[in-house]
Amino acid sequence: MNHFDTIFTLLATLLVPILSMRLERHPRIPGFFSAVVLCYVIGIVLGNTVVDWVDTHTAELLAGVSMMIALPMLLFGTNIKERTGDWQATGLWAFVLCALSGLMSGFVAWLFRASQKMSGYWQVC
């Protein structure tokens with residue numbers, strides 16, 4: 001196990017969002033480049049240029065942990081009772097339908113898990 005790869009992955013995970021937030025305010029960066037878009041761009045560039053420096057296991061672990069933290073944080077700011085009567089309730093229905101379609105597609109993929117044609121069934125969801 002190479003410690004440089006792990007340290008680089010941890011530093012990139014912490015420093016790329018900070019860099020993208022600073023670049024977002026830079027006058028030479030166009031306004032449509034938000035911090036999120038800049039994070040994606042920097043991540044794509046780093047992932048394709050210094051691929052040997054990234055520890056895949058650490059990166060996957062950090063991605064999983066950050067998703068478990070980020071998804072509930074998206075819902076903390078939502079007042080569902082307030083949203084049920086207006087036009088924004090359609091967004092709630094869209095979320096429910098999206099969740100149901102994900103569950104159904106995962107179930108169908110699970111049904112075909114023994115098939116030779118469906119070797120990566122666990123990647124469907």
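Start with the whole chain: from the N terminus on, its elements run α-α-α-α-α. That makes five helices and zero strands, where helices (H or I, at least four residues) and strands (E, at least two) are DSSP runs numbered from the N terminus. Before you click further, note that this is a predicted model, in which local features need pLDDT of at least 70, side-chain atom pairs count only at pLDDT 80 or more, and totals for chains, interfaces and linings use all residues. Residues are numbered from 1 along each chain as its sequence is written, and side-chain values use heavy atoms, with hydrogens and water left out.

**The whole chain**

Switch on the surface. The protein chain has an accessible surface of about 10,400 Å², and 71% of that belongs to carbon and sulfur atoms; the areas come from the Shrake-Rupley method with a 1.4 Å probe, and for residues only the protein chains shown count as cover. Of the 125 residues, 13% count as buried (buried is under 20% relative accessible area, exposed over 50%, partly exposed in between, with a 1.4 Å probe and protein chains only). Among contacts (heavy atoms within 4.5 Å) with a separation of 6 or more, 43% join residues 24 or more positions apart.

**Helix H1 and the loop after it**

Select Phe8, in helix H1. Leaving aside neighbours within four places in sequence, Phe8 is in contact with Leu46, Val50, Trp53 and Val54. Phe8 and Val54 sit 46 residues apart in sequence, yet their C-alpha atoms are 6.7 Å apart.

Stay in H1 (residues 3-24) and pick Ser20. Ser20 counts as buried because its relative accessibility is 0%. Not counting residues up to four places away, it touches Ala35, Leu38, Cys39 and Ile42. Now show the backbone of Pro17: its oxygen lies 2.8 Å from a polar atom of the Ser20 side chain.

Move on to Ile29, in the loop between H1 and helix H2 (35-49). With 25% relative accessibility, Ile29 counts as partly exposed. Its contacts, apart from neighbours within four places in sequence, are Leu23 and Leu38.

**Helix H3**

Next, select residues 56-76, helix H3, and check its length. At 1.5 Å a residue, its 21 residues should span 30 Å, and the end C-alpha atoms are 31 Å apart, which agrees (the expected span is 1.5 Å times one less than the number of residues). Just one of the 21 residues of H3 is buried, so H3 lies largely in the open.

**Helix H5**

Finish with Phe95 in helix H5 (residues 89-111). Is Phe95 buried or exposed? Phe95 counts as exposed, since its relative accessibility is 51%. Add Leu92, Trp93, Val96, Leu97, Leu100 and Leu103 to the selection: together with Phe95 they make a nonpolar surface patch of about 730 Å².

How values were computed: Patches are made of residues with over 30% relative accessible area and no salt bridge: like charges are joined within 9 Å, nonpolar side chains (Val, Leu, Ile, Met, Phe, Trp, Tyr) within 5 Å. A salt bridge is a side-chain nitrogen of Lys or Arg within 4 Å of a carboxyl oxygen of Asp or Glu. A polar contact is a pair of N or O atoms within 3.5 Å; within protein, one must be able to donate a hydrogen and the other to accept it, and residues adjacent in sequence count only if both atoms are side-chain atoms.
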